[in-house]
Amino acid sequence: MTNSLSSEVLARKPQRPLSLYSPKISICLLVTCVTLFVLFQIQSLPTALSPPASAPSSSTWNSLQKWKSMIISTALTLKNCTDQLDSLDSKLRESVTFLPLKDLRYAHAAQEGHTWFMSSMYDTYKKGEVQYQQFPSNSSKGRLLCIKGHDSHDGAWNSYALAWPEALPRNATLMKGLTFISNSHYNHDNLWHGLSATVPFVAWRIKNECATPSRWILYHWGELRYKMGSWLKNLMEATYSGTINIQTFEGFGDDEPVCFEKAVVMRHDEGGMSGENIMQVYDLIRCKARVYCNVSLGDNIKGRIGMTLFMRTGARSFSNESEVVRIFTEECRKVEGCQIMVAHSDNLTFCEQVQLMSSTDILISPHGAQLANLFLMDKNSSVMEFYPKGWLKLAGVGQFVYKWMTIRSGMKHQGAWRDPDGENCPYSEDGRCFLSFYKDGKIGYNETYFAEWGRNVLSEVKRKKIEESSQGRSTNNSQCMCASVSSKIRQR
């Protein structure tokens with residue numbers, strides 16, 4: 001290990017612990033105890049090993065010689081046992097084989113099956129539940145996960161291996177506690193992609209006594225990433241009621257393995273999870289975010305309808321924002337209790353976004369990452385989504401992610417408006433047309449359509465509000481899951 005590390009870096013590095021239990025130590029202790037017992041018995045004999053002035057009988061002398069031979073034999077056995085165990089321990093350590101985190105053989109199907117990340121490992125999966133790997137476990141035969149390398153440009157230069165707790169690789173560091181390891185095909189900076197990558201960890205937590213990780217390790221295609229986006233980090237700190245520690249492996253050399261006392265690996269994002277389980281996750285995160293930001297639902301006035309225009313700047317923003325605001329403001333004024341709010345996602349702090357969504361019943365917004373906030377609204381709230389020209393034909397299934405999110409979080413997607421107007425793409429290839437021309441286009445408006453659409457949604461929301469009020473129903477619980485665990489963490 002590098003000896004020139006600063007004291008600050010050394011303080012951050014977990015120390016390599018000496019295991020106080022292993023089969024090797026147990027056997028050696030047993031043999032040592034037997035040897036000490038034999039020596040004690042020899043010492044208790046009334047005669048010495050050398051002949052006295054009055055010579056003992058031949059039978060006594062033979063017995064003493066036998067005891068002497070036993071001692072020598074035991075010592076030799078002990079040495080032989082120790083040598084064999086040392087050899088076995090060395091072979092186990094040297095036999096740990098590291099494989100590339102990113103297996104290029106599966107580049108053509110990077111997200112399918114066991115994926116190209118840790119390709120030799122298969123997930124634990126039960127229908128409708130999260131797909132994950134856990135170490136140690138029965139499937140790993142009790143072995144720990146070890147990682148070596150921290151390349152941020154090519155995941156093939158980073159590697160992983162399994163090792164027995166008593167025979168970790170040479171020069172390895174053992175990190176105590178629970179480690180969450182996330183590999184995303186996209187990244188942890190984007191609100192939507194980052195949330196999709198962390199949702200399965202929250203689902204695993206719910207099923208595992210609200211366990212809290214000591215650290216997170218983030219990968220993109222097996223390449224190490226050093227941070228989450230600020231919105232996602234705040235959201236996870238709210239969810240886990242504590243600081244999120246992102247492991248960067250600062251102070252570790254490329255050839256220094258790091259092993260984990262307990263590790264959970266996710267590489268499929270929300271894939272395979274049922275709508276019911278995803279909704280449970282959103283319920284927990286919503287509740288925890290509101291607690292984290294001290295949002296009081298009691299401030300909502302009875303009969304109030306919050307209509308929020310959540311705007312973007314730049315790509316996929318409205319070309320005439322003031323006209324869009326005017327149209328929906330006029331419809332809102334026609335409905336008793338309706339309150340219009342206009343906000344830009346890039347001008348709000350995390351908690352301001354949580355507060356805004358908590359007071360929103362109808363969310364009006366262009367397609368984009370800011371819509372990842374939608375699950376922070378009360379259940380049964382409505383979403384109205386807008387797209388530039390060219391998206392329906394060319395954008396693929398990714399254009400529907402917020403519709404799916406709306407449904408999975410217990411909201412209602414009230415449809416989408418797709419701008420039919422605008423310039424035609426000058427390129428012949430569909431892919432180039434979308435990425436270079438339509439993807440970041442502006443969104444126009446249709447006053448007649450927008451007014452009628454807003455009127456219908458407002459009418460439906462008002463009717464539901466009246467029904468809920470008359471029946472005394474509430475769509476939210478004041479007590480969050482994992483609340484008792486969170487309070488214990490805060491008390492430490």
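Biologist: In what order do the strands of the open five-stranded sheet lie, and is their pairing parallel or antiparallel?

Modeller: Strands of a sheet pair through backbone hydrogen bonds, in either a parallel or an antiparallel sense. In this predicted model, the open sheet of five strands follows the order S10-S9-S11-S12-S13, and the pairing is parallel. Strand S10 (338-344) and strand S13 (412-418) each have a single partner strand, so they stand at the edges and one side of each is left without a neighbour in the sheet. On average, and with direction ignored, neighbouring strands of this sheet are turned by 15° against each other.

Biologist: Over how many bridges do S11 and S12 pair?

Modeller: Strand S11 (residues 362-366) pairs with strand S12 (residues 382-387) over five bridges in the parallel sense, and Leu-363 stands opposite Val-383 in S12.

Biologist: Which strands does helix H7 lie across, and which does helix H8 lie across?

Modeller: Helix H7 (residues 321-333) lies across strand S9 (305-311), S10, S11 and S12, and runs at about 175° to S9, while helix H8 (residues 350-358) lies across S9, S10 and S11, running at about 140° to S9.

Biologist: What lines the largest pocket?

Modeller: Rolling a probe the size of a water molecule over the atoms shows where empty space is left. The largest pocket holds about 880 Å³ of space and has 37 lining residues, of which Tyr-186, Trp-192, His-193, Gly-398 and Val-401 lie nearest its centre. Strand S5 (173-184), helix H4 (191-207) and helix H10 (401-408) are the elements that give two or more residues to this lining, with H10 giving the most, four residues. By type, the lining residues divide into 14 nonpolar, 15 polar and eight charged.

Terms used. Residues are numbered from 1 along each chain as its sequence is written. This is a predicted model: local features need pLDDT of at least 70, side-chain atom pairs count only at pLDDT 80 or more; totals for chains, interfaces and linings use all residues. Side-chain values use heavy atoms; hydrogens and water are left out. Two strands pair if DSSP finds at least two bridges between them. Axes are lines fitted to C-alpha atoms, for helices over the stretch in contact, and angles run from 0 to 180 degrees between N-to-C directions. Contact means heavy atoms within 4.5 Å. On a 1 Å grid over the protein atoms alone, a cavity is a set of points where a 1.4 Å probe fits but cannot get out, and a pocket is an open set with protein on both sides within 12 Å along at least five of seven lines; lining residues have an atom within 4 Å of a point. Grid points are joined across faces, edges and corners, and a volume is the space filled by probe spheres set on the points. Ala, Val, Leu, Ile, Met, Phe, Trp, Tyr, Cys and Pro count as nonpolar, Asp, Glu, Lys and Arg as charged, and the others, Gly among them, as polar.
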